[in-house]
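Welcome, and thanks for taking a look. Please have the sequence and the 3D view open side by side while you read the notes that follow.

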Amino acid sequence: MYLWIKALHVLAIISWMAGMLYLVRLYVNHAMETEPVVMERLQGMERRLLRAITTPAMVVSLLTGIAMLAMNPVLLKMPWMHVKLTLVVGMLAMHGMASSWRKKLIDNPRFKTDKFFRVMNEIPTLLMIGIVIMVIVRPF
């Protein structure tokens, strides 16, 4: 059963990461756009991506991760897992910020620049790199 949960966890993580990277990239486009009809289209894409893919994938990632830790609690004693979980908290924070940015972009499409969103788009990638290294290499 553990390996099935782990497989579902990996699939959910892939979906969550894809959603986060695409969502913030949509914000780059949104912040640069001036045409109202295109801005409306971007808002719809952002809403659907967040509600239908990114947030559900995050929830499945968390639930399967918690299930694996419950099934194998010795993992919580390993230093690499502490680092990984800290990076996961960073991903959760990024998800929360991305959700709030969507609402702010609707009210004020210029509240942040496209350059801001370009930089923020790199954060999930850096967090992902750290998480993968912790899980695969286990450097501690």
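## Briefing on the fold and its core

Of the 140 residues in the protein chain, 38% count as buried. Please keep in mind that this is a predicted model. The chain has 5 helices and 0 strands, and from the N terminus on its elements read α-α-α-α-α.

**Overall layout**

- Taken along the principal axes, the C-alpha atoms of the protein chain fill a box of roughly 55 × 30 × 20 Å.
- Among contacts in the protein chain between residues at least 6 apart in sequence, 77% join residues at least 24 apart.

**Nonpolar cores**

- As general background, nonpolar side chains in soluble globular proteins tend to be buried together.
- Here, the largest nonpolar core has 24 residues, and Tyr-27, Met-91, Trp-101 and Phe-117 are those with the most contacts inside it.
- At least two residues of this core come from each of helix 1 (2–32), helix 2 (36–71), helix 3 (79–107), helix 4 (114–120) and helix 5 (122–136).
- Helix 1 gives the most to this core, with 9 residues.
- Another core lies apart from it and has 5 residues, including Leu-75, Trp-80, Met-81 and Met-134.
- Tyr-27 is a handy residue to select in your viewer: leaving aside residues up to four places away in sequence, Tyr-27 touches Glu-46, Ala-98, Trp-101, Arg-102, Leu-105 and Phe-117.

**Aromatic rings**

- A search of the whole structure finds 5 aromatic pairs.
- Phe-111 and Phe-117 form one edge-to-face pair, with 6.1 Å from centre to centre and 65° between the planes.
- Phe-116 and Phe-117 have ring centres 5.2 Å apart and planes at 75°, so this pair is edge-to-face as well.
- Which of these rings are buried and which partly exposed? Phe-117 counts as buried, because its relative accessibility is 0% and the cut-off is under 20%.
- Phe-111 has a relative accessible area of 21% and is therefore partly exposed, and Phe-116, at 24%, also counts as partly exposed.
- Ring pairs link Tyr-27, Trp-101, Phe-111, Phe-116 and Phe-117 into a cluster.
- A charged side chain joins the picture too: Lys-112 lies over the face of Phe-116, at 4.8 Å from the ring centre.

**A look along helix 5**

- How does the span of helix 5 agree with its 15 residues? At 1.5 Å a residue they should span 21 Å, and the end C-alpha atoms are 21 Å apart, so the two values agree.
- The buried residues of helix 5 are Pro-124, Leu-127, Gly-130, Ile-131 and Met-134.
- Seen down the axis of helix 5, these buried residues fall within an arc of 125°, so they line one face of the helix.
- On the other side of helix 5, Leu-126 and Ile-136 are exposed.
- What do the buried residues of helix 5 pack against? Their partners are helix 1, helix 3 and helix 4.
- Met-134, one of those buried residues, is also among the members of the 5-residue core.
- Helix 5 is followed by Arg-138, which has a positive phi, near 50°.

Note on methods. Residues numbered from 1 in each chain as written. Predicted model: local features only at pLDDT ≥ 70, side-chain atom pairs only at ≥ 80, totals over all residues. Heavy atoms only, no water. Core = buried A, V, L, I, M, F, W, Y, C linked by side-chain atoms within 4.5 Å. Buried < 20%, exposed > 50% of the residue type's maximum accessible area, 1.4 Å probe, protein only. Helix = DSSP H or I, 4+ residues; strand = E, 2+ residues; numbered from the N terminus. Contact = heavy atoms within 4.5 Å. Phe/Tyr/Trp six-rings, centres within 6.5 Å; stacked < 30°, edge-to-face > 60°. Lys NZ or Arg CZ within 6 Å of the ring centre and 35° of its normal. Expected span 1.5 Å × (residues − 1). Arc of directions from axis to C-beta.
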